[in-house]
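Open the model in your viewer and switch to a cartoon view. We will move from the whole chain down to single side chains.

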Amino acid sequence: TGRTCHWGWGVACVELVQVREFVMTGLHDLGLADAAFVSERLLLRDRFYIGRRFEFAGASAVWLAEADGIKFYGASGEFLMTMRLRTEQPQLRRAA
(Lines give C-alpha, C1' and ligand atoms only; values in the text may rest on other atoms or scores of the structure.)
Protein backbone atom coordinates (compact mmCIF):
# COMPACT_ATOMS: atom_id res chain seq x y z
CA THR A 1 0.00 0.00 0.00
CA GLY A 2 1.01 3.64 0.13
CA ARG A 3 0.76 3.99 -3.66
CA THR A 4 -2.75 5.47 -3.62
CA CYS A 5 -2.94 8.97 -5.05
CA HIS A 6 -4.07 11.47 -2.41
CA TRP A 7 -5.59 14.55 -4.01
CA GLY A 8 -5.82 17.99 -2.50
CA TRP A 9 -7.49 21.16 -3.70
CA GLY A 10 -4.99 23.03 -5.87
CA VAL A 11 -2.25 20.50 -5.12
CA ALA A 12 -0.75 18.00 -7.54
CA CYS A 13 -1.24 14.32 -6.88
CA VAL A 14 0.86 13.28 -3.89
CA GLU A 15 1.37 9.62 -3.10
CA LEU A 16 1.37 8.60 0.54
CA VAL A 17 4.85 7.12 0.16
CA GLN A 18 6.06 10.62 -0.86
CA VAL A 19 4.39 12.21 2.16
CA ARG A 20 6.15 9.72 4.43
CA GLU A 21 9.50 10.50 2.76
CA PHE A 22 8.93 14.26 3.23
CA VAL A 23 8.10 13.67 6.90
CA MET A 24 11.38 11.83 7.40
CA THR A 25 13.28 14.58 5.54
CA GLY A 26 11.66 17.21 7.75
CA LEU A 27 12.61 15.35 10.91
CA HIS A 28 16.18 15.10 9.64
CA ASP A 29 16.26 18.84 8.91
CA LEU A 30 15.04 19.54 12.46
CA GLY A 31 17.79 17.37 13.93
CA LEU A 32 15.27 14.70 14.92
CA ALA A 33 16.25 11.98 12.46
CA ASP A 34 16.62 9.46 15.30
CA ALA A 35 13.17 10.14 16.79
CA ALA A 36 11.41 6.83 17.35
CA PHE A 37 8.25 6.26 15.30
CA VAL A 38 5.14 5.96 17.49
CA SER A 39 2.11 5.94 15.19
CA GLU A 40 0.47 7.06 11.96
CA ARG A 41 -3.19 8.03 12.07
CA LEU A 42 -5.84 8.92 9.53
CA LEU A 43 -7.39 12.33 10.02
CA LEU A 44 -11.12 12.50 9.38
CA ARG A 45 -13.59 15.38 9.39
CA ASP A 46 -17.27 14.52 9.21
CA ARG A 47 -16.25 10.98 8.24
CA PHE A 48 -14.21 12.23 5.24
CA TYR A 49 -10.49 11.64 4.87
CA ILE A 50 -8.53 14.89 5.22
CA GLY A 51 -4.95 13.76 5.90
CA ARG A 52 -2.54 11.99 8.25
CA ARG A 53 -0.84 12.59 11.58
CA PHE A 54 2.57 11.08 12.21
CA GLU A 55 3.71 10.72 15.82
CA PHE A 56 7.33 10.32 16.88
CA ALA A 57 9.06 10.46 20.25
CA GLY A 58 9.48 14.20 20.78
CA ALA A 59 7.73 15.42 17.61
CA SER A 60 4.73 15.08 15.33
CA ALA A 61 3.87 15.97 11.75
CA VAL A 62 0.49 16.71 10.19
CA TRP A 63 -0.28 16.49 6.48
CA LEU A 64 -3.66 17.72 5.23
CA ALA A 65 -4.63 16.65 1.72
CA GLU A 66 -6.06 20.10 0.98
CA ALA A 67 -2.84 21.89 1.97
CA ASP A 68 0.49 22.09 0.18
CA GLY A 69 2.67 21.22 3.14
CA ILE A 70 3.43 19.21 6.22
CA LYS A 71 3.44 20.99 9.58
CA PHE A 72 5.90 19.84 12.23
CA TYR A 73 5.36 20.23 15.97
CA GLY A 74 7.60 19.70 18.99
CA ALA A 75 6.99 17.51 22.02
CA SER A 76 4.84 20.18 23.72
CA GLY A 77 2.83 20.87 20.58
CA GLU A 78 4.77 23.99 19.62
CA PHE A 79 4.94 24.75 15.90
CA LEU A 80 8.41 24.08 14.45
CA MET A 81 8.12 24.49 10.67
CA THR A 82 6.16 23.85 7.50
CA MET A 83 7.58 21.83 4.64
CA ARG A 84 6.01 22.78 1.30
CA LEU A 85 5.19 19.98 -1.17
CA ARG A 86 4.46 21.90 -4.38
CA THR A 87 7.99 21.70 -5.77
CA GLU A 88 10.19 18.70 -6.40
CA GLN A 89 12.60 19.86 -3.71
CA PRO A 90 10.70 20.58 -0.48
CA GLN A 91 10.93 24.18 0.68
CA LEU A 92 11.24 24.80 4.39
CA ARG A 93 9.71 27.63 6.39
CA ARG A 94 10.76 27.68 10.02
CA ALA A 95 8.79 29.17 12.86
CA ALA A 96 9.84 32.63 13.98
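What share of the contacts in the protein chain with a separation of 6 or more comes from residues 24 or more positions apart? The share is 27%. Keep in mind that this is a predicted model.

**Stop 1: the whole chain**

Colour by secondary structure. You should find one helix and eight strands. Trace the protein chain along the sequence, and the pattern reads β-β-α-β-β-β-β-β-β. Now show the surface. The accessible surface comes to about 6100 Å². Carbon and sulfur atoms hold 53% of that area. Of the 96 residues in the chain, 35% are buried.

**Stop 2: the S3 and S4 hairpin**

Hide the surface. Select residues 37–45, which are strand S3, and residues 48–56, which are strand S4. These two strands pair in the antiparallel sense, over eight bridges. They form a hairpin with two residues between them.

Zoom in on the loop between S3 and S4. Asp 46 is found there, and so is Arg 47. Check the backbone angles. Asp 46 has a positive phi of about 50°, although it is not a glycine. Arg 47 also has a positive phi, near 70°, and is likewise a residue other than glycine.

Are these two residues buried or exposed? Asp 46 counts as exposed, because its relative accessibility is 65% and the cut-off is over 50%. Arg 47 is exposed too, with a relative accessible area of 80%.

**Stop 3: Arg 52**

Move along to Arg 52, in strand S4. Look across to the partner strand: Leu 42 stands opposite Arg 52. Is Arg 52 buried or exposed? Arg 52 has a relative accessible area of 14%, so it is buried, the cut-off being under 20%.

Now show side chains. Which side chains make polar contacts with the side chain of Arg 52? One is Glu 40, at 2.8 Å. Another is Tyr 49, at 3.4 Å.

**Stop 4: the aromatic pairs**

Select the aromatic rings. How many aromatic pairs does the structure hold? There are two.

Start with Phe 37 and Phe 56. Their ring centres are 5.7 Å apart, with 75° between the planes, and the pair is edge-to-face. This pair links distant parts of the chain. Phe 37 sits in S3 and Phe 56 in S4, 19 residues apart. Phe 56 is buried, with a relative accessible area of 7%.

Then go to Tyr 73 and Phe 79. Here the centres lie 6.0 Å apart. The planes meet at 70°, so this pair is edge-to-face as well: over 60 degrees is the cut-off. Tyr 73 is partly exposed, at 22% relative accessible area. Phe 79 is partly exposed too, at 32%.

**Stop 5: Ala 57**

Finish just past S4. Ala 57 is in the loop between S4 and strand S5 (59–64). Its relative accessible area is 45%, so Ala 57 is partly exposed.

Which residues touch Ala 57, leaving aside its neighbours within four places in sequence? Ala 57 is in contact with Ala 35, Ala 36 and Val 38. Last, select the C-alpha atoms of Ala 57 and Leu 32. These residues are 25 residues apart along the chain, and the two atoms are separated by 9.2 Å.

Notes: Residues numbered from 1 in each chain as written. Heavy atoms only, no water. Phe/Tyr/Trp six-rings, centres within 6.5 Å; stacked < 30°, edge-to-face > 60°. Helix = DSSP H or I, 4+ residues; strand = E, 2+ residues; numbered from the N terminus. Buried < 20%, exposed > 50% of the residue type's maximum accessible area, 1.4 Å probe, protein only. Contact = heavy atoms within 4.5 Å. Areas by Shrake-Rupley, 256 points an atom, 1.4 Å probe, with all protein chains shown as cover. Polar contact = N/O pair within 3.5 Å; in protein donor to acceptor, adjacent residues only side chain to side chain. Pairing = 2+ DSSP bridges.
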